[in-house]
Amino acid sequence: MYFEKFKDVICEVSNVSSVEELCPDFVEATMNLADMDKSRHVDVKEFTVWYNAISFSEEVTLSPEAKETRKLAKQYGIDNTEIDRLKACFDKFANEEGVIDFAGFADLINEVLKVPSGHQVFPNRLLSMWRSADTDGGGGIEFDEFCVFYLKTFSSSEGNAIMDYYRNVRRVNVATAPGC
């Protein structure tokens with residue numbers, strides 16, 4: 001298979017319509033890997049080695065939407081597992097355009113904070129969070145806006161979102177007993 005035709009194969013296995021949709025570094029690396037003898041022709045052996053090497057890469061295994069989510073994870077320094085969890089929660093309450101309104105935001109916050117059934121975040125706190133999240137005042141929040149809000153509001157190494165929120169609302173120094 002000639003090199004130019006091989007680009008179509010890369011697109012097919014990566015679930016994209018053109019190589020321009022892929023990371024240029026990935027395209028260059030995969031082309032170099034496939035053409036081991038630099039003949040500008042990919043034979044069956046080269047193809048087999050290439051496919052084995054790239055078949056579990058994110059470019060091949062992830063959907064375009066998941067690739068965007070991973071790009072946000074890298075941009076904001078969020079662990080892949082955490083951003084996948086946030087995205088799954090967000091998508092439950094988002095409309096067809098990928099936007100949540102205030103009611104969806106309330107449900108999302110209750111789920112992200114793991115608020116027990118029958119309980120809810122105080123309405124004035126929820127409204128304060130909404131105003132902080134909806135930075136453009138458009139009445140809806142997209143996932144990337146939510147990520148910024150989440151990091152700003154609930155970022156701590158302790159992993160307790162409720163404690164993080166209240167710690168950010170009113171900063172209070174807390175002394176710990178020796179040995180704690």
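This briefing walks through the overall build of one chain, a pair of helices, two buried residues and some salt bridges. The structure is a predicted model. Its chain has 180 residues, and 36% of them are buried. The secondary structure comes to ten helices and two strands.

**The overall picture**

- If you follow the sequence from start to end, the elements come in the order α-α-α-α-α-α-β-α-α-β-α-α.
- Take the contacts in the chain with a separation of 6 or more: 50% of these join residues 24 or more positions apart.

**Two helices side by side: α2 and α3**

- Two packed helices are described by the distance between their axes and the angle between them.
- Here, helix α2 covers residues 24-34 and helix α3 covers residues 44-54. Their axes come within 8 Å and cross at roughly 140°.
- On the α2 side, the contact is made by Thr30, Leu33 and Ala34. On the α3 side, Glu46, Trp50, Ala53 and Ile54 take part.
- Sorted by character, the residues of this contact are five nonpolar, one polar and one charged.

**Trp130, a buried residue in helix α8**

- You can find Trp130 in helix α8, which spans residues 123-133.
- Trp130 counts as buried because its relative accessibility is 10%, and the cut-off for buried is under 20%.
- Setting aside neighbours within four places in sequence, Trp130 is in contact with Ile100, Asp101, Phe102, Phe105, Gly139, Gly140 and Ile141.
- Try locating Phe146 as well: it sits 16 residues from Trp130 along the chain, and their C-alpha atoms are separated by 9.8 Å.

**Glu145, a buried residue without a salt bridge**

- Glu145 belongs to helix α9, made of residues 143-154.
- Glu145 is buried, yet it has no salt bridge. The nearest side chain of opposite charge is that of Lys152, 11 Å away.
- The Glu145 side chain does reach the backbone nitrogen of Glu142, at 3.0 Å.
- Not counting residues up to four places away in sequence, Glu145 touches Ala133, Asp134, Thr135, Asp136 and Gly140.
- Gly140 is also one of the residues in contact with Trp130.

**Salt bridges**

- Side chains of opposite charge can pair when their charged atoms come close. In this chain the count comes to ten salt bridges.
- Glu4 pairs with Lys7, with the closest N and O atoms 3.7 Å apart. These two are three residues apart in helix α1 (residues 3-14), so about one helical turn separates Glu4 and Lys7. Lys7 is partly exposed, with a relative accessible area of 26%.
- Lys87 and Asp91 form another salt bridge, at 3.1 Å from N to O. Both lie in helix α6 (residues 80-93), four residues apart, which is about one turn of the helix.
- The partners in that pair fall into separate classes: Asp91 counts as partly exposed at 35% relative accessibility, whereas Lys87 counts as buried at 14%.
- Glu59 and Lys67 meet in a salt bridge too, at 3.9 Å from N to O. Both Glu59 and Lys67 are buried.
- Some salt bridges join up: Glu58, Arg70, Lys74 and Asp84 are linked in a network.

Definitions and conventions:
Residues numbered from 1 in each chain as written. Predicted model: local features only at pLDDT ≥ 70, side-chain atom pairs only at ≥ 80, totals over all residues. Heavy atoms only, no water. Axes fitted to C-alpha atoms, helices over the stretch in contact; angles between N-to-C directions. Contact = heavy atoms within 4.5 Å. Nonpolar A, V, L, I, M, F, W, Y, C, P; charged D, E, K, R; others polar. Buried < 20%, exposed > 50% of the residue type's maximum accessible area, 1.4 Å probe, protein only. Lys, Arg positive; Asp, Glu negative; His and termini not counted. Salt bridge = Lys/Arg side-chain N within 4 Å of Asp/Glu carboxyl O. Polar contact = N/O pair within 3.5 Å; in protein donor to acceptor, adjacent residues only side chain to side chain.
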